[in-house]
Amino acid sequence: MNGVEQTLIGGVSGGTAILLPALGELIGERAGVINLGTEGAMLAGALGAYAMTESSGVIWYGIIAGMLAGAVVGLAHSWITVRRGGDQIASGLLLWFLALGVTSVFGTEFVGTAITPLSNIAIPGLHSIPWVGVILFDQNILVYAGYVLVAVIWFVFYRTRVGLILRATGERPEVVAATGGKPQLVQIVAVTIGACLGGLGGAQLSIGYVGNWFNDMTSGYGFVAVAVVLFAAWRPVRVLGGAYLFGIVLAAASVLQAHGVSVNQYLLDALPYLVTLLALAVFARRGRSETPEALTRSLSRSG
Amino acid sequence: MTATPVNESSVRGTDVDLNTPEQPDLPGGLARLGPGSRYALISTLGYVASLAIFGVLVAVKGAEPISVYHTIIASTLLNGDALQQTALRAIPIGLAALAVAVPARAGLINVGGEGQLIMGAVAATGIGVAAVPGALSWAAMCVSGALAGALWAALSGVLRTWLGASEAVTTLLLNFIANDVMLYLIYQAWKDPNGSGQPQSRPLAHVAQLPKMFGSQLNIGVLIALVVVAVTWFLLQRTGWGFQLRVVGGNTEAARRAGLRVNSLLLSSMVVGGALAGLGGALNLAGVETQLRPDITLTFGYVAFLASFLGRHQPVKVVGAALLFSAVALSGNGLQITDGLDGTIVDILLALIVAVPLVVAKYRRRAA
């Protein structure tokens, strides 16, 4: 296995921890709600999944617990912003803080323990495709969930009535209301499902990738996920590309180091954020006209 | 205090208020109150509920809620030493909170207080350690800290005004980059050779540190911060620049048609905000920390963001909120020692406090 393959395998696997929350964030933002609490949903999901797996021994329970933990954060965010009219950015940050505190207080007992992470499942047939097979089709179940979700979300967005109502809510909630729809309900459901995926992304980190838990283990991934949605101009397939780009940059860094290339550790640590920032700078203007209109009101109030 | 249009729009979110009748369903007694007193009553109930939830949480963790609240107050307010520590910690939090409040006037969301504090501390360390220490070293450190913070915030300002990248997200990403820059410096380039392996910069010479006042722990940073708060208040409330920021924040299109140079105003608000946070980082370094080390900011930048919201981006209220949060953040130590709790539990209390104004936002709008 050469360095390029290693990088791409790690990129897809690590990128999934960004892809899942980014897809969740995409659903919420398409309905007009930005959720910086995605970082909090990831933390909650990471601990929820880990704690459940560690205590029950059943990794499936862990996956479900991770999603539920994320959903709780999403429900809180949508209640504060949609029902109570609270500021979206502030609500997201305070939920992150809340999750940071709660997971660190209740996660202490799990620090230093370990579980066997999700095992890889080679997909019969597909995994023997040269090169592509090992990269894409010999991964864990959450990575496959990422592929399926991109397709499902694309289909729902652009080919179903539900998707139309969701996107309309993100553009003009008052029009949806005028035609008898319930924009607030749409937003609450979208944000909650979105945060579920955020929790799943956290689970990919704790039980999918490393098999342990430590404080603040998401270290800004949730914020990167929000940035990915922005520079992907709210398109599911581009979100996939952006998330894997992030994963590949991360994986390339560790592969380079493993091969004895001396690159400054701190530059490597900062690289994913630099790349995200750069992508945001390059694609921001292009994506601007595609911003869901209801979202612009909370994302930026001037300009 | 002038009402600020920014706050009105900032709490509105995308809530379209279509399904909610103008009068919310309230228990009979509440409905008879005027909107103002109803808002006051509901906020108060909200804060009580927050404290109660936190009490339940600490009880779950095996601590005695009453004792916990006693510790929070005793370890931050009840003795002179603790009070001075609270005041000193309030400097970086308060200035970083103003760094949120100033751009918020123009409708910008600066979540980058953390990175701007860090860059301020980094620049101050650079000047403080490299330059020959002299009587005015600390002044040079303050200036360089403010410049570095301004520059760091200007990055997001430029990305926003030139390229249209959301400042809420770029400021957030720059926090992580700033942290990596600082870690690189203290683990490698600036590592103290005499630090017995600890990741930290060389300590500041005594003469380069902020002078202490009246034989107390307080240093002149407190005075500098108070002056800066007053100047910021004046700039925002009493100058044409402050007024123009509010116009831009209220209605950008109208501001543009009225001939205001919107982009320059947006950028200037970020630069001023960044300078405030950078100064906060420098004052914290030169007065309290005296050397660069990991966790120097301890998420103060984010605490500051929440403080600015609690104070609704109005300078005086923001500083009050910063003092409160400084006390809460500091009480983590006491809770760890006295009540055997994890110190990060105070993050939960901070979040619960800030949740209240967000949850009761509708009542405040009706009261306004």
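Which side chains meet in a salt bridge at 3.3 Å, N to O? The side chains of B:Glu253 and B:Arg257 do. The close-up views below belong to a predicted model.

**View 1. B:Glu253 pairs with B:Arg257 inside one helix.** Both residues belong to helix H11 (residues 252-257) of chain B. They sit four residues apart, which is about one turn of the helix. The distance from N to O is 3.3 Å. B:Arg257 is exposed, with 71% relative accessibility. B:Glu253 is partly exposed, and its relative accessible area is 39%. This pair is part of a wider set, for the count over all chains is six salt bridges.

**View 2. Salt bridges link B:Arg89, B:Glu289 and B:Arg293 in a network.** Start with B:Glu289 and B:Arg89. Their side chains meet in a salt bridge of 3.4 Å, N to O. B:Glu289 lies in helix H12 (residues 262-289) of chain B and B:Arg89 in helix H5 (residues 80-105) of chain B, so this bridge ties together parts that are 200 residues apart in sequence. Now turn to B:Arg293. A salt bridge joins this residue to B:Glu289 as well, with the closest N and O atoms 2.9 Å apart. How covered are the three partners? B:Glu289 is buried, at a relative accessible area of 10%. B:Arg89 is buried too, at 14%. B:Arg293 is partly exposed, at 27%.

**View 3. Five residues of chain A form a nonpolar patch on the surface.** The members are A:Val4, A:Leu126, A:Ile129, A:Trp131 and A:Val132. Together they have about 420 Å² of accessible area. Look at A:Val132, one of the five. This residue is placed in helix H5 (residues 132-136) of chain A. A:Val132 counts as partly exposed, with 34% relative accessibility.

**View 4. Helix H10 of chain A is mostly covered.** The helix spans residues 221-231. How many of its eleven residues are buried? Eleven are. Among them are A:Tyr221, A:Gly222, A:Phe223 and A:Val224. Further along come A:Val228, A:Val229, A:Leu230 and A:Phe231, also buried.

**View 5. Positive phi values occur in the loops beside H10 of chain A.** Most residues other than glycine have a negative phi. A:Asp216 has a positive one, near 55°. Its place is the loop between H9 and H10 of chain A. A:Asp216 is partly exposed, at 36% relative accessibility. Just after H10(A), A:Ala233 takes a positive phi of about 50°. A:Trp234 has a positive phi as well, near 60°. This tryptophan lies in the loop between H10 and helix H11 (236-258) of chain A. A:Trp234 is buried, with a relative accessible area of 3%.

**View 6. The second largest cavity holds about 50 Å³ of space.** The model has five cavities of 30 Å³ or more. The lining of the second largest one includes A:Pro21, A:Gly24, A:Glu25 and A:Gly28. A:Asn35 and A:Thr38 also line this cavity. So do A:Val191, A:Gly194, A:Ala195 and A:Gly198. Which elements give two or more residues to the lining? They are helix H1 (3-30) and helix H9 (183-210) of chain A. By class, the lining residues of this cavity divide into three nonpolar, six polar and one charged.

**View 7. The second largest pocket is lined by residues from helices of chains A and B.** About 740 Å³ of space lies in this pocket. Its lining has 31 residues. A:Val72, A:Ala76, A:Leu95, A:Leu98 and A:Val102 lie nearest the centre. From chain A, helix H2 (38-56), helix H3 (59-83) and helix H4 (88-107) each supply at least two lining residues. From chain B, helix H3 (35-60) and helix H15 (345-359) each do likewise. Which helix gives the most to the lining of this pocket? H4(A) does, with seven residues. By class, the pocket lining has 25 nonpolar, four polar and two charged residues.

Definitions and conventions: Residues numbered from 1 in each chain as written. Chains lettered and ligands numbered in written order. Predicted model: local features only at pLDDT ≥ 70, side-chain atom pairs only at ≥ 80, totals over all residues. Heavy atoms only, no water. Salt bridge = Lys/Arg side-chain N within 4 Å of Asp/Glu carboxyl O. Buried < 20%, exposed > 50% of the residue type's maximum accessible area, 1.4 Å probe, protein only. Patch = residues over 30% accessible without salt bridge, like charges linked within 9 Å, V, L, I, M, F, W, Y side chains within 5 Å. Areas by Shrake-Rupley, 256 points an atom, 1.4 Å probe, with all protein chains shown as cover. 1 Å grid on protein atoms, 1.4 Å probe; cavity = no way out; pocket = protein on both sides within 12 Å on 5 of 7 lines; lining within 4 Å. Points joined across faces, edges and corners; volume = space filled by probe spheres on them. Nonpolar A, V, L, I, M, F, W, Y, C, P; charged D, E, K, R; others polar.
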